[in-house]
Amino acid sequence: WPQSARLAGGSLSVGGIDVADLVAEHGTPSFIVDESHFRARARLFVESFRSAFSAVGADVDVYYAGKSFLSVAVAKWADEEGLRIDTCTAGEMAVAERAGIAGENMGLHGNNKSEAEIVRAIRGSVGRIVADSLVEIEQIAQLAEAEGRTAASPVPVMVRVTTGIHAGGHEFISTAREDQKFGLSLAGGQALEGMELVLKFPQLRLLGAHAHIGSQIQDSTAFELNARKMLELRKSLEEKTGYVMPELDLGGGYGIAYVPEDQPIDVPSLAQSLAQTMAAVATELNTSVPRISIEPGRSIAGPTTVTLYTVGTIKNVTTDEGIVRTYVSVDGGMSDNIRPALYGAVYTARLANREGSEEAVLARIVGKHCESGDIVINDLALPADVQRGDIIAVAATGAYGRSMASNYNNLLKPPVIAVKDGASRVIVRRETEDDLLALDLG
Ligand code: LLP
């Protein structure tokens with residue numbers, strides 16, 4: 001739940017505003033983001049990593065991963081808290097540009113960047129382009145040259161590496177090679193080849209290597225292993241070419257709590273253990289810890305937001321096992337939160353406008369889409385007197401919710417409302433039928 005969430009007599013408030021008032025003003029479904037919490041999460045990464053790494057003599061840049069949720073307002077919040085913005089499409093760059101983010105404070109990712117995206121990044125003087133393949137390195141070099149970039153004004157490039165560590169949830173595996181689309185293989189030698197290729201082009205500057213190992217990772221060991229491999233790679237390049245890369249990017253992926261059983265990554269402890277591990281490995285390799293960058297998305301945006309829905313139809317169904325399950329339909333669903341259907345993601349929620357009866361029912365929160373897999377929460381204990389018109393608040397929907405929203409069944413995408421100190425502000429407005437129909441040329 002957001003930091004400012006409070007319960008009084010069973011009714012929930014966020015940012016000092018009762019959800020009933022938020023619903024009266026903004027309607028449902030709506031994403032409610034606690035601005036102070038978002039800023040605090042952003043700051044926590046900057047402060048924890050800077051203090052842990054300054055103890056081992058290294059600087060840190062934190063890039064907010066815009067894919068988790070990007071709007072002009074949140075880009076400004078991140079910027080004001082000292083973060084940079086990680087983008088991976090022209091659309092994400094456009095939002096960051098609109099927010100006034102300086103080019104050097106932006107990064108561009110993507111396994112299949114268009115020529116236009118690369119040119120936009122070069123013209124916008126982005127802080128770095130993360131190259132994802134050997135052909136792309138050649139392409140960036142060629143476009144940099146066409147844009148008049150020379151050894152005196154080189155384009156900063158990082159090489160995305162597949163370190164063989166792939167993590168997510170509790171498990172992680174370390175294999176020689178990875179069967180997935182991102183990056184250049186460390187084990188296969190392409191990573192080193194990619195870096196040497198960048199070094200051949202005077203119009204490019206090899207800033208460093210990048211490795212993102214997965215998302216919603218709840219075990220810090222995987223990050224430590226990854227950091228070790230990256231330092232070893234940097235050393236190999238140094239031994240082979242004499243070039244010492246000034247930076248390593250360790251990616252994002254820091255897990256949060258969706259349900260009480262989850263073990264969220266504790267950011268200050270992770271920063272500490274990573275800094276210590278890297279310092280030890282650097283000593284072992286007779287090198288130093290370079291400048292570090294990280295790209296948290298979910299761990300900043302996720303916990304700060306709730307989705308508010310209004311309850312509609314309620315239906316009791318007896319399962320084959322003879323259990324009575326109460327299907328509680330809400331006015332959104334898989335179009336504003338695809339994660340349960342796509343990943344089997346689990347969430348928690350509560351009745352948000354009143355206490356409700358002490359007696360509980362086993363409820364299933366379902367959406368309004370035309371398919372049975374349109375489930376928000378599979379099993380949730382709700383007060384037995386839950387009724388049409390009640391408000392349900394689903395926690396931790398700030399990351400990959402609005403950003404992965406669709407118009408399935410021509411539902412209108414929900415707004416995002418920022419709350420702070422008793423005031424609310426629409427930062428992304430609700431879609432209208434006119435918005436939908438504007439694209440339909442008949
Ligand atoms: N950096 C890179 C290069 C990434 O690919 C990602 C996420 C991140 C940073 C941010 O990761 P985070 O800190 O948010 O875990 N749609 C999925 C998550 C996909 C993540 C893709 N890459 C979900 O809803 O779980």
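**Two domains and a ligand shell**

Modeller: This is a predicted model, and the protein is divided into domain 1 (6-29 + 303-438) and domain 2 (35-296).

Biologist: Nice, thanks! How far apart do the C-alpha centres of domain 1 and domain 2 lie?

Modeller: They lie 34 Å apart.

Biologist: And how many residues of each domain are in contact with the other?

Modeller: On the domain 1 side there are 18 residues, in contact with 14 residues of domain 2. Two elements give two or more residues each to the side of domain 1 that touches domain 2: strand S23 (416-420) and strand S24 (423-428). The largest share of that side, 4 residues, comes from S23.

Biologist: What about that side of domain 1 by class?

Modeller: You get 12 nonpolar, 4 polar and 2 charged residues there.

Biologist: Let's switch to the ligand. How many residues surround the ligand, and which are the closest?

Modeller: The ligand has 21 residues around it, and the closest are Ser215, Gly252, Gly297, Arg298 and Tyr400.

Biologist: Where in the two domains does the shell come from?

Modeller: Both domains take part: domain 1 and domain 2 each provide at least three residues of the shell around the ligand.

Biologist: Which helices and strands supply at least two residues each?

Modeller: Those are strand S14 (214-217), helix H10 (298-301) and helix H11 (339-343).

Biologist: Handy for setting up docking! How do the shell residues divide into nonpolar, polar and charged?

Modeller: The shell holds 6 nonpolar, 10 polar and 5 charged residues.

Biologist: Okay, zooming out. How many helices and strands does the protein have?

Modeller: There are 12 helices and 24 strands. One open sheet is made of 3 strands in the order S1-S2-S3, with antiparallel pairing.

Biologist: Which are the edge strands there?

Modeller: Strand S1 (6-8) and strand S3 (17-18), each of which pairs on one side only. S1 pairs with strand S2 (residues 11-14) over 3 bridges. As an example, Arg6 has Ser13 in S2 as its bridge partner.

Biologist: Last topic, overall shape. Why does the radius of gyration agree with a compact globule?

Modeller: Because a compact globule of 442 residues would have a radius of gyration near 22 Å, and the protein has 23 Å. Along its principal axes, the C-alpha trace spans about 70 × 50 × 45 Å.

Biologist: What percentage of the residues is buried?

Modeller: Buried residues account for 48% of the 442.

Biologist: And how many of the contacts join residues at least 24 apart?

Modeller: Of the contacts between residues at least 6 apart in sequence, 69% join residues at least 24 apart.

Methods: Residues are numbered from 1 along each chain as its sequence is written. This is a predicted model: local features need pLDDT of at least 70, side-chain atom pairs count only at pLDDT 80 or more; totals for chains, interfaces and linings use all residues. A residue is near a molecule or strand if its C-beta atom, placed from the backbone, lies within 6 Å of it. Ala, Val, Leu, Ile, Met, Phe, Trp, Tyr, Cys and Pro count as nonpolar, Asp, Glu, Lys and Arg as charged, and the others, Gly among them, as polar. Domain bounds come from an automatic or database domain assignment. Two strands pair if DSSP finds at least two bridges between them. Two residues are in contact if their C-beta atoms, placed from the backbone, lie within 7 Å. The radius of gyration is taken over C-alpha atoms; the globule rule is 2.2 Å times the number of residues to the power 0.38. A residue is buried if 20 or more other C-beta atoms lie within 10 Å of its own, exposed if 12 or fewer, and partly exposed in between; C-beta atoms are placed from the backbone.
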